[in-house]
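Me: I keep meeting words like buried, exposed and salt bridge. Please show me how each label is earned in this structure.

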Amino acid sequence: MSTLTQRNWWTGFSGFWLRECGSANFFIPGALASIASPLLTLIEDQNIQAFSLVFSISALWMAFCWQLVKLQAQESALLFPAIKQHIYLQGTVILIIGYLLNALALFNRPASEVAYAMLFATSFGGSFFLLCLRNSVYFRHNSYVFMLVLVLAMFFGDTPQILALLAVPLMVMGTYLLVTRTHHCQCIIWHIKPT
């Protein structure tokens, strides 16, 4: 019988990311948008281009957040730490592939526009991920955060500098969450009373 540490990194991918409704609701649209995003740069409307970049990256971050919250709720993640490492590795690979696919937009768009849109989506997704890492109760606000990101991308997509300015407070918050994460993270401790 093989253990989780001996399995390939892609083992269980479809079960974790495609068969669970919560994760699949974000992962599938995010993956499709990451594939379509470079093609949407051929359209002249800059709002659609910024929206597609922000949507795809944000959706992939939200799928990763879903898996994080699920790990916090399951006892198996505590009993088998390799499951957590497995999901973190898969989530990291998904994000890297999503960023690489979105970076293909550089062939048709100026680098600053693509970078500003990616910075904006990363600051929202990363900060929300760190917030969910701190306490899973914040994930119930995911739809509000996700829609706020998309609305801001639609309104300010034609001026990517504004998207970059909107990312600054979120990067400050993300830095604060990273620095203080060990002090305030939600931890599950088993209290066993002697009989």
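Reply: Start with one label, exposed, and one residue, L32.

Me: Why is L32 called exposed?

Reply: Buried means under 20% relative accessible area, exposed means over 50%, and partly exposed is in between (1.4 Å probe, protein chains only). L32 has a relative accessible area of 55%, so L32 is exposed. L32 lies in helix α2. A helix here is a DSSP run of H or I with at least four residues; a strand is a run of E with at least two, and numbering starts at the N terminus.

Me: Before we go on, what kind of model is this?

Reply: It is a predicted model: local features need pLDDT of at least 70, side-chain atom pairs count only at pLDDT 80 or more, and totals for chains, interfaces and linings use all residues. Residues are numbered from 1 along each chain as its sequence is written, and side-chain values use heavy atoms, with hydrogens and water left out.

Me: What makes up the nonpolar patch on the surface?

Reply: L18, I28, L32 and I35 form it, with about 370 Å² of accessible area together. Patch residues have over 30% relative accessible area and no salt bridge; nonpolar side chains (Val, Leu, Ile, Met, Phe, Trp, Tyr) are joined within 5 Å, like charges within 9 Å. Areas come from the Shrake-Rupley method with a 1.4 Å probe, and for residues only the protein chains shown count as cover. Helix α2 (residues 21–40) gives the most to this patch, with three residues.

Me: How do you know that E20 and K70 form a salt bridge?

Reply: A salt bridge needs a side-chain nitrogen of Lys or Arg within 4 Å of a carboxyl oxygen of Asp or Glu. The closest N and O atoms of E20 and K70 are 2.7 Å apart, so the pair qualifies. This pair links distant parts of the chain: E20 is in the loop between α1 (13–18) and α2, K70 is in helix α3 (residues 46–73), and they are 50 residues apart. Side chains of opposite charge can pair when their charged atoms come close.

Me: How many salt bridges are there?

Reply: The structure holds two. E113 also pairs with R109, with the closest N and O atoms 2.7 Å apart.

Me: Why are E113 and R109 called buried?

Reply: E113 has a relative accessible area of 19%, so E113 falls under the 20% limit. R109, at 18%, counts as buried too.

Me: What makes a nonpolar core, and which residues have the most contacts inside the largest one?

Reply: A nonpolar core is a set of buried Ala, Val, Leu, Ile, Met, Phe, Trp, Tyr and Cys residues joined through side-chain atoms within 4.5 Å. The largest has 48 residues, and W17 and F120 have the most contacts inside it. Helix α3 gives the most to this core, with 15 residues.

Me: What does F120 touch?

Reply: Not counting residues up to four places away in sequence, F120 touches V54, V149, L152, A153, L163, L166 and A167. Contact means heavy atoms within 4.5 Å.

Me: Why is S127 called buried?

Reply: S127 has a relative accessible area of 4%, under the 20% limit, so S127 is buried. S127 lies in helix α6. Beyond its neighbours within four places in sequence, S127 is in contact with T122, L170, M173, G174 and L177.
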